[in-house]
Amino acid sequence: MTQQPLLTVDGLSTYFYTDRGVAKAVCDVSYDINPGETLGVVGESGCGKSVTSLSVMRLIPEPPGKIVSGKITFDGQDLLSLNERQMRKIRGNKISMIFQEPMTSLNPVFRVGDQIAEAIILHEGLSHKAALERAVDLLKQVGIPSPESRVYDYPHQMSGGMRQRVMIAMALACKPKLIIADEPTTALDVTIQAQILELMDKLREETGTAIQLITHDLGVIAETAQKVLVMYAGRVVEQADVKDLFTNPMHPYTRGLMRSIPGLGEQEERERLETIPGVVPSLLNLPKGCRFHDRCRHAMERCALEEPELKIADGKHPVRCWLYQE
Amino acid sequence: MLYFILKKLAQVIPTLLGLSVLIFLMIHMVPGDPAEMMLGERANENSLRELRHQLGLDQPLYVQYGKFMGRLVQGDLGRALRTNEKITKEIKEHFPATLELSMVAIIIAIVLGMLAGIISATKQYSIFDYGSMLLSLVGVSMPIFWLGLVLMIIFSIKLAWLPLSGRLSYDIVLEPITNLYLVDSLLQGNWAAFKDALWHIIMPAITLSTVPMAIIARMTRSSMLEVLRQDYIRTAKAKGLAPRIIHYKHALRNALIPVVTIIGLQFSILLGGAILTETIFAWPGIGSWLLNAVYARDFNAVQGGTMLIALVFVLINVLVDITYAWINPRIKV
């Protein structure tokens, strides 16, 4: 089964040049996504998850940001070599995005139907009327009741969950090959979260789009992703199939993340929820050696001096940790 | 929407009532006796008393106010003491001049000010941004009578491109309809008059537009910068829209909301009579008319003129509210 990956990111580094120094938000990140597959990207806030996806969309504000190295190949096209005009033909058309904040991600002064139709008119050249009809179908597809009247709603007339459905409808509008969902459920209630994730999974099966799902919630990953990328301070620290990762988490950071998920076990099994001590280091001032060493319970002398490579350990999956090397 | 407009208009009535009381009281508290002004210092006590009685000034204030309001609701502001003309007639002659000048000035200010603000915001920290913001700083801080005089020296005296002052050349005949010369000449197809009126209005309008233009430019810039940081702009980018559409469609409509307030405010200030500009350019507008009325202690005219300006202010505010509701769907109509 040697399928051509839909998206290949190879050695991507994105830095931000600020007055206080260079923030290395993404360092040498590589991964690929196959058609119709969901890749989960996990990590705490400030780990470079969003910057990675914005780099793929070439939406990094420049300056101060800059993609300093790497190669992004999408559907056989080298995205970093495209000019702005060519890139605009890909955005919203072949790759679309769903953002974290449904409350603020829709333009408050335009009707939701028009906002969905806009991308269709732009990329497929449909008439406004035809595009609006498609918008109604899309709203129906994402489970919005009475879509015929809802297309004429303004965003403020909808709840958060509804707005996120509109965002998903907007992302699906031009039948993209890849949807990048940046924490799509973080701002929503737990029950709505489940509905939205279910919806995304259902749509993925129906339409065959691949999804890059960014989240800090491992529970979400377990439910929806096939492959997982664990990121820490701009680096990939572990990369595995979802089953592999949950049965055999190797990097201390991944394990820490798993221990900090609340379980629903028996009364006596329940313990105090663990946390990972400390915070993600400032990207302006990264520690020497392994970027996680000062928060790691297995830290050795070597960890503070040299940074480990991302290497396949125990013949299973790649992990960036000295515990599994030599 | 119609209901919304009617509701807003209905709210105007109590505001105007309150304003009429305020204006009436303030004018009657101003020192100086109109009768004495009219008859001169050497008038004898009898004729003064006679005139005060004739003007109704010897009656209690509330009676005077009642009479004033009684006439006002019939659209009668009384007679100007100076000229013995009906005040409504004088206003009809002078206000259109101010209205025409203010409209041209505010249009110039809106078009250029907003354009400068938008470009400055989208190209923040560029040469254009620094340049236009510096110019707008000059615009707000420069005395406009000085600018008016400088323009006159350059364009009328040195280059002789534009007429020095007034609204129309003496040899041009124009039948007044609305007293807005640009409109009247267009209605009558009188191109010579249109061109002449346009040539006359250019300099005073540019002079008058500088301050509002500078304020609008700064407001548009800061409002646009704020909007361009919003999440929905990122969404628009992710859709693959071109920057032009993102700026002028998605961002501008949101950024307009605070700008509309400023435009309304500036426009009402202009309509209140740009006394300096009107004086320099010998523009027969309401500002210079009102100034002369004040000098002459013509309290009837001052009262009428102030009422008119108050009405204009209030109506423009209603217009701003309606524009708000039109731009911003979150306002309940």
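With 23 C-beta neighbours inside 10 Å, B:Phe267 counts as buried, because the cut-off for a buried residue is 20 or more. That makes B:Phe267 a handy place to start a walk through this predicted model.

**Around B:Phe267**

B:Phe267 belongs to helix H11 of chain B. If we set aside the neighbours within four places in sequence, B:Phe267 is in contact with B:Ser102, B:Ile106 and B:Ile316. Another residue to look for is B:Leu319, which lies 52 residues away from B:Phe267 along the chain. The C-alpha atoms of B:Phe267 and B:Leu319 are separated by 11 Å.

**Helix H14 of chain B**

Now turn to helix H14 of chain B, which covers residues 299-327. At 1.5 Å a residue, the 29 residues of this helix should span 42 Å, and the end C-alpha atoms are indeed 42 Å apart, so the two values agree. Buried residues in H14(B) include B:Phe299, B:Ala301, B:Val302 and B:Gln303. The list goes on with B:Gly304, B:Gly305, B:Thr306, B:Met307, B:Leu308, B:Ile309 and B:Val312. What covers these buried residues? Helix H1 (2-29), helix H2 (34-39), H5, H11 and H13 of chain B are among the elements that do.

**Where H5 meets H13 in chain B**

Two of those covering helices also meet each other. The axes of H5 (residues 87-122) and H13 (residues 286-295) of chain B come within 7 Å and cross at roughly 135°, which makes H5(B) oblique to H13(B). From H5(B), the contact uses B:Glu90, B:Ile91, B:His94, B:Phe95 and B:Thr98. H13(B) answers with B:Ile286, B:Gly287 and B:Trp289. Sorted by class, this contact has four nonpolar, three polar and one charged residues.

**Strands in chain A**

Chain A offers some strands to explore. Strand E3 (residues 38-42) of chain A is mostly covered, with five of its five residues buried. A:Thr38, A:Gly40 and A:Val42 point one way from E3(A), while A:Leu39 and A:Val41 point the other way. E3(A) pairs with strand E8 and is also joined by bridges to strand E9, both of chain A.

Elsewhere in chain A, an open sheet of four strands has the order E2-E1-E4-E5, with antiparallel pairing. Its edge strands, E2 (21-33) and E5 (77-78), each pair on one side only. Here are three of the strand pairings in chain A, each with a pair of facing residues:

| Strands (chain A) | Sense | Bridges | Facing residues |
|---|---|---|---|
| E3 (residues 38-42) and E8 (residues 210-215) | parallel | five bridges | A:Val41 and A:Ile214 |
| E3 (residues 38-42) and E9 (residues 227-232) | parallel | four bridges | A:Leu39 and A:Lys227 |
| E1 (residues 7-18) and E4 (residues 65-74) | antiparallel | eight bridges | A:Ser13 and A:Ser69 |

**Where the chains touch**

Finally, how many residues does each chain bring to the contact between A and B? Chain B gives 18 residues and chain A gives 23 residues. On the side of chain B that touches chain A, helix H10 (231-238) and helix H11 (243-271) each supply at least two residues. The largest share of that side, six residues, comes from H10(B). By class, the side of chain B that touches chain A has six nonpolar, six polar and six charged residues. H11(B) will be familiar by now: B:Phe267, our starting point, is found in this helix.

How values were computed. Residues are numbered from 1 along each chain as its sequence is written. Chains are lettered from A and ligands numbered from 1 in the order in which they are written. This is a predicted model: local features need pLDDT of at least 70, side-chain atom pairs count only at pLDDT 80 or more; totals for chains, interfaces and linings use all residues. Two residues are in contact if their C-beta atoms, placed from the backbone, lie within 7 Å. Ala, Val, Leu, Ile, Met, Phe, Trp, Tyr, Cys and Pro count as nonpolar, Asp, Glu, Lys and Arg as charged, and the others, Gly among them, as polar. Axes are lines fitted to C-alpha atoms, for helices over the stretch in contact, and angles run from 0 to 180 degrees between N-to-C directions. Angles under 35 degrees count as roughly parallel, over 145 as roughly antiparallel, 65 to 115 as roughly perpendicular and the rest as oblique. A residue is buried if 20 or more other C-beta atoms lie within 10 Å of its own, exposed if 12 or fewer, and partly exposed in between; C-beta atoms are placed from the backbone. The expected span of a helix is 1.5 Å times one less than its number of residues. Two strands pair if DSSP finds at least two bridges between them.
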